[in-house]
Amino acid sequence: MSSSKMIQQPSQERSSGRSYRIESLDVLRGLLMLLMAIDHTRDYFSNAAIDPADPIHSWPALFFTRWITHICAPGFILLAGTSVYLQRQRKSAATLTRALILRGLWLIVFEIIVVSFGWSFGFGLPILQVIWVIGVSMIALAGLQWLPVAAVGAFGAIVIFGHDLLDPVRAENLGHWSNAWHLLHERGVLTFHAHPVAVYGYPIIPWVGVMALGYSFGSIVAKNPEARQRISLVAGTASLGLFALLRFTHGYGDPGPVFEHLGTPGHTVMSFLSVQKYPPSLHYLLATLGVVLVLFALFDKVVLAGRLDRFRAFLNVYGRVPFFFYIAHIFVIHALALVVARITNPNWRFWITPDAVFTRHFDGWGYSLPVVYFIWMSVVLALYPLCAWFSRLKDRKRSWWLAYL
């Protein structure tokens, strides 16, 4: 590899077996994982029986508890694409193609069998969510990474900016092609001979675009720190500015309710930020990816300056084993909800029924947001030693199976 292609990160190189990692990416990824855990804790423990993202019926604390977690899926998928680019700098296209296809298939199978069980504690309908779509996106990227980086980035941008043109097409009007459209662009229930076979929440088209954009973002991350921080900050700010312009002018890019002035300033702000996640609209992706890019620029600056060492090291543990943490936290939160409900509520069996996956609430159950946050932090801290141990294990050993966790 020529010196011009080497990743310039002297103060971020690690002495472990994974010395190619860029610490600021892991720190940011760790933050995303912990924010994600807030949402899942709220799912299982909140006493709010409303849609927290509804700007009319929700309230600011609940709304923003939900909204801050919006950045998790886009950020994680973007950074997954970035990691593929960084791997491409030390692996051949053929080697990486094989690795991405195997990794993608593994994630799909794991989502169907293990993750779906974690959500329901039963073997009902598979739930195809973020792990599934990451797997599919990796398989797509196995082919895309043969193209020039600029072409992959252009593909990602076209998908992200153009997929809302497909919103008028509805699966219910496509007959035998309805399942295919659910997979590509519309959440819903997949059926076979009129029988439900899977619940689908993350359509492929927008998320493949996010991962492709993340791959091209890798070429920016590989630059010297000053350049990547500057470009990330400018790109993130521009993304947020375009989001604001489109929301204020009721412009193209979100099929949900338009921004409107409501009764209070808080509800008006909530209306402004109320964007569609399923599938992710252009407004949603501009807002969330804009935040992620700005955060990367700030985190990279903090890491290189050697500041906030303890907080940085704390996030880094989770960011180095994100898939491991993802699986562990689902089972721990669900099991904790089951145990607490068994002790305190006669309807505790709800948490081992299919309804637990879809409604996440039953009468007489749940706690206020302060309690939800306390439970979230308790789970995060409880999983810290396990995540730290697994991170050290991956550093020490090069077993092939560890790469899949």
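A residue is called buried when its relative accessible area is under 20%, exposed when that value is over 50%, and partly exposed in between. The exercises below apply this to a predicted model.

**Exercise 1. Find where the salt bridge between R312 and E23 sits in the chain, and state whether its residues are buried or exposed.**

Step 1. The side chains of R312 and E23 meet at 3.0 Å, N to O. A salt bridge requires a distance within 4 Å, so the contact qualifies.

Step 2. R312 belongs to helix 12 (residues 309–320) and E23 to helix 1 (residues 23–45). With 289 residues separating them, the pair links distant parts of the chain.

Step 3. R312 and E23 are both buried.

**Exercise 2. Identify the residue that forms a salt bridge with D26, and the network to which D26 belongs.**

Step 1. The partner of D26 is R320, and their closest N and O atoms are 3.8 Å apart.

Step 2. This pair also connects helix 1, which holds D26, to helix 12, which holds R320; the two residues are 294 apart.

Step 3. D26 and R320 are both buried.

Step 4. A network of salt bridges links D26, R29, R320 and D395. In total, the structure holds 10 salt bridges.

**Exercise 3. Classify E186 and R170 as buried, partly exposed or exposed, and describe their contact.**

Step 1. E186 and R170 form a salt bridge in which the closest N and O atoms are 3.2 Å apart.

Step 2. E186 lies in the loop between helix 7 (178–185) and strand 2 (188–192), while R170 lies in the loop between helix 6 (149–162) and helix 7. They are 16 residues apart.

Step 3. E186 has a relative accessibility of 10%, so E186 is buried. R170 has a relative accessible area of 38%, so R170 is partly exposed.

**Exercise 4. Describe the ring contact between Y202 and Y278, and find the charge over Y278.**

Step 1. The count of aromatic pairs in the model is 28. In one of them, Y202 and Y278 lie 5.7 Å apart, centre to centre, with 85° between the planes. Planes over 60 degrees apart count as edge-to-face, so this pair is edge-to-face.

Step 2. Y202 is in the loop between strand 3 (195–200) and helix 8 (204–221), and Y278 is in the loop between helix 10 (265–273) and helix 11 (282–305). The two are 76 residues apart.

Step 3. Y202 is buried because its relative accessible area is 6%. Y278, at 23% relative accessibility, is partly exposed.

Step 4. R187 places its charged end over the ring of Y278, 4.0 Å from the ring centre.

**Exercise 5. Describe the contact of Y318 with F325, then list the members of the aromatic cluster that includes W119.**

Step 1. Y318 and F325 form an edge-to-face pair, at 5.3 Å centre to centre and 75° between the planes. Both residues are buried.

Step 2. The cluster consists of Y44, F45, W119, F350, W351, W365 and Y367.

**Exercise 6. Name the residues of the nonpolar surface patch that contains I113, and classify I113 by accessibility.**

Step 1. V109, I112 and I113 make a nonpolar surface patch of about 240 Å².

Step 2. I113 is part of helix 4 (residues 93–120). Its relative accessibility is 48%, so I113 is partly exposed.

Definitions and conventions. Residues numbered from 1 in each chain as written. Predicted model: local features only at pLDDT ≥ 70, side-chain atom pairs only at ≥ 80, totals over all residues. Heavy atoms only, no water. Phe/Tyr/Trp six-rings, centres within 6.5 Å; stacked < 30°, edge-to-face > 60°. Helix = DSSP H or I, 4+ residues; strand = E, 2+ residues; numbered from the N terminus. Buried < 20%, exposed > 50% of the residue type's maximum accessible area, 1.4 Å probe, protein only. Lys NZ or Arg CZ within 6 Å of the ring centre and 35° of its normal. Patch = residues over 30% accessible without salt bridge, like charges linked within 9 Å, V, L, I, M, F, W, Y side chains within 5 Å. Areas by Shrake-Rupley, 256 points an atom, 1.4 Å probe, with all protein chains shown as cover.
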